[in-house]
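Thanks, everyone, for making time this morning. I would like to walk through one structure, going from the overall fold to a single helix.

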Amino acid sequence: MPVLPELAAVLAAASARTRPEPPGGGPVLREAARGYWDRRGLHGAAGGIAAAPGAQPLLLALIGAHGGDVLMPRPCPAAWMPQARLLGRPAYHVPTPAECGGIPDPYALLETVRRVRAEGGRPKLLLLSVVDDPTATVAPPELVREACEAAVDEGLHIISDETWRDTVHRPRDTVLLSPAEMCPDDVTVIADLSGALVPAAWPVAVARFPDTPRAAVRHAHTLDILTALGALVAGPVAHAAAHALGEPDSVRDRIRRAAALQTEVAAAAHRAVLGSGALARPPQAGRHLYADLGPLRSRLADLGVTDSMELEEYLTDRLGAPAPGGHRFGDELGALRVRLGTGPLLGATPQQQTESLAAAKPLELPHVARALDDFAAVFAELR
């Protein structure tokens, strides 16, 4: 999406700030993050916030501040497993329930924890995302509750990645429950602000720690790691991020318009994928969908596509846009799964993208209709 003019002006006004923020963010940024979560029912103090220049260094610091092995759902965001491996932490995937991605199946979680312990492991940390990348699904509250209760009963701390919570396509029809609402003492929440609030080129992410003595120790350890990494938020970016976290009318309007646009475009892309005979859960949030082309395996084999690496190469070439295979998200290489971004369907230029945001009927815009026709044609060839 084009940069919101108001945010660009705020960043430009702070361009003379040559010093980075202190480790974990300065008081203005942390207070803005506190208010952001307070409006979502997650109350706490600004002292329990930590900021970093992007989700990856922040997650690395959080994992580093916890001992033990790491568990995560399959599939999961592409950066999660490499972060654990970089720290030398054993990491294990847990299957997700049929209804959604982002959270582990509660029974599979218990089985995995007990198996790891029986093999001499020390499972201590569970990563999950209620509004999920890569599957673009929103986990039902009852499943979130069951998964979190299972994790806490087994002594796991939870890191809940809520980067995409403000991109839910139909917020009035979707019940979103944060694990921190249920287990406030056992959940750290993180959010990459590029999910909905700031451009991806302005790296900034924030974490909210529980209000407990143990969490205070982990918060301090996290700041130590961020300091050692030199992972400090740039001053102008922090100023713009604090403004966005305050959610003025222009930011709220952009979030609403972007979600409404993605609702229509993602649904159209989903219909095209299903029309080919492939499988995909209906996208409920974010800017992508996750497709399983397993039912088209025979046709794809005729084209020389037999695994997700070859599927990625084939679809990236045919679509003219990145189509990362499921192996990047923890799925097995032999599974023909792929994440399909909807951003390229909104226009090739900032002017077209702005037009898409403003349109009452975006699917009728010539550039959107043409992009969707081209997208559908690629999948129609696989029938």
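I will begin with the chain as a whole and then turn to one helix near the end of the sequence that I picked as an example.

Please keep in mind throughout that this is a predicted model. The protein chain contains 14 helices and ten strands, and its C-alpha trace spans about 60 × 55 × 35 Å along the principal axes. As for overall packing, a compact globule of 383 residues would have a radius of gyration near 21 Å, and because the chain has 21 Å, the two agree. Buried residues make up 55% of the 383 residues, and among the contacts with a separation of 6 or more, 70% are accounted for by residues 24 or more positions apart.

Turning to the surface, the accessible area of the protein chain comes to about 16,200 Å², with 53% of that belonging to carbon and sulfur atoms. The chain carries 37 positive and 44 negative charges, and the mean positions of these two sets are 3 Å apart.

Now to the helix, which is H13, covering residues 350-358. Which of its residues are buried? They are Gln-353, Ser-356 and Leu-357, and, seen down the axis of H13, they fall within an arc of 100 degrees, so they line one face of the helix. What covers these buried residues includes helix H10, residues 249-275, and helix H14, residues 366-380. On the face of H13 turned away from the buried side, by contrast, we find the exposed residues Gln-351 and Ala-358.

Conventions. Residues numbered from 1 in each chain as written. Predicted model: local features only at pLDDT ≥ 70, side-chain atom pairs only at ≥ 80, totals over all residues. Heavy atoms only, no water. Helix = DSSP H or I, 4+ residues; strand = E, 2+ residues; numbered from the N terminus. Rg over C-alpha atoms; globule rule 2.2 N^0.38 Å. Buried < 20%, exposed > 50% of the residue type's maximum accessible area, 1.4 Å probe, protein only. Contact = heavy atoms within 4.5 Å. Areas by Shrake-Rupley, 256 points an atom, 1.4 Å probe, with all protein chains shown as cover. Lys, Arg positive; Asp, Glu negative; His and termini not counted. Charge placed at Lys NZ, Arg CZ, Asp CG, Glu CD. Arc of directions from axis to C-beta.
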